[in-house]
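Reader: I have a structure to go through, and I would like the reasoning behind the labels. Please set each value against its cut-off.

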Amino acid sequence: MDITQHISPEEFRAMLRHANTPGHEQSEPDKDMETRYRNRCNSDRGRAFENLLAKGCRYYAGRGNAIINKVYEPYGVKNILRDGRFIGVWKDRAEPDFKGVMKGGRAIVFEAKSTHKSRMQRDKLTDRQMSWLETQHEIGALSFVCIDIRGKFFTIPWQIWRDMKKIFGKKFLMPGDISEYEVIYDGSVRFLEYTNGKLITAEGVIDNG
């Protein structure tokens, strides 16, 4: 069982602090080992974030607000083993990390990106991912980029991410730039609810007051 399915806010942030502690990864001086360790940490952090978003999906489904699911990467089976296991290969894909339908029938799609650094770079999204979100946006879907910057969570409308350079004068975001897009975190990432009281609905972003 993945512990991030039941992780508390304090435990998640403690995990990030541990991963960001200088020198704790230096048990071996070998640079290849360090690179593999850092890649593993990045992968684990990304999976933890996606699990917290998946908890948010279940939260909204239980309240009838939306049906949103994680999109898993497709794979092809190369060889079936005798014990029921198989050898497979990942296939390239162009779909977003999460997609679904809001109450009222409007589609919603978003990518999920996590970083242990103090800023989120625009190029964390590939050209293909950005093209996919733009296409979805153009035909009327609610399109977002959900991001984790050191344990603070934000749901950024696609057009804000797309026009980041024009709006902020730079191609990266820091928490102070996007405080209005910070969302509630209570053990799950409630990505449809901003901390300022605004909500994401099928009609768009509305005030909850």
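**Labels and their grounds**

Author: The rule for aromatic pairs gives a count of seven. Note that this is a predicted model.

Reader: Why are phenylalanine 98 and phenylalanine 110 called stacked?

Author: Their ring centres are 5.0 Å apart and their planes differ by 15°. A pair needs centres within 6.5 Å, and planes under 30 degrees apart count as stacked, so both conditions are met.

Reader: Where in the chain do phenylalanine 98 and phenylalanine 110 lie?

Author: Phenylalanine 98 belongs to strand 4 (residues 98-102) and phenylalanine 110 to strand 5 (residues 107-115), twelve residues apart. Both phenylalanine 98 and phenylalanine 110 are buried. They also belong to one aromatic cluster with Tyr59, Tyr60 and Phe191.

Reader: What makes the pair of tyrosine 181 and tyrosine 194 edge-to-face?

Author: The planes of tyrosine 181 and tyrosine 194 meet at 65°, with the centres 6.0 Å apart. The limits are over 60 degrees for edge-to-face and within 6.5 Å for a pair, so the label holds. Tyrosine 181 is in the loop between strand 9 (172-173) and strand 10, while tyrosine 194 is in strand 11, 13 residues apart.

Reader: How do you know whether tyrosine 181 and tyrosine 194 are buried or exposed?

Author: Tyrosine 181 has a relative accessible area of 13%, and tyrosine 194 has 3%. Buried means under 20%, so tyrosine 181 and tyrosine 194 are buried.

Reader: Why is strand 11 described as largely enclosed by the rest of the structure?

Author: Six of the six residues of strand 11 (residues 189-194) are buried, so the description follows.

Reader: What makes strand 10 and strand 11 a pair?

Author: Three bridges join strand 10 (residues 183-185) to strand 11, and the two run antiparallel. Pairing needs at least two bridges, so strand 10 and strand 11 pair. Valine 183 has tyrosine 194 of strand 11 as its bridge partner. The two strands form a hairpin with three residues between them, and glycine 187 in the turn has a positive phi of about 110°.

Reader: Why do arginine 190 and aspartate 186 count as a salt bridge?

Author: The closest N and O atoms of arginine 190 and aspartate 186 are 2.8 Å apart. The limit is within 4 Å, so the pair qualifies. Arginine 190 is buried at 14% relative accessibility, whereas aspartate 186 is partly exposed at 41%.

Reader: How do you know that lysine 70 sits over the ring of phenylalanine 98?

Author: Lysine 70 lies over the face of phenylalanine 98, at 5.9 Å from the ring centre. The distance limit is within 6 Å, so this value passes. Lysine 70 also meets glutamate 50 in a salt bridge of 3.7 Å, N to O. Lysine 70 is in strand 1 (residues 66-70) and glutamate 50 in helix 2 (residues 31-62), so this salt bridge ties together parts 20 residues apart in sequence.

Reader: Why is lysine 70 called buried?

Author: Its relative accessible area is 19%; the cut-off is under 20%, so lysine 70 counts as buried.

Reader: What makes arginine 162 partly exposed?

Author: Arginine 162 has 27% relative accessibility, which falls between the 20% and 50% limits, so the label is partly exposed. Arginine 162 forms a salt bridge with glutamate 134, at 3.1 Å between the closest N and O atoms. Glu134, Arg162 and Asp163 are linked in a network of salt bridges.

Notes. Residues are numbered from 1 along each chain as its sequence is written. This is a predicted model: local features need pLDDT of at least 70, side-chain atom pairs count only at pLDDT 80 or more; totals for chains, interfaces and linings use all residues. Side-chain values use heavy atoms; hydrogens and water are left out. Buried means under 20% relative accessible area, exposed over 50%, partly exposed in between (1.4 Å probe, protein chains only). Helices (H or I, at least four residues) and strands (E, at least two) are DSSP runs, numbered from the N terminus. A charge sits over a ring if NZ of Lys or CZ of Arg is within 6 Å of the ring centre and within 35 degrees of the ring normal. A salt bridge is a side-chain nitrogen of Lys or Arg within 4 Å of a carboxyl oxygen of Asp or Glu.
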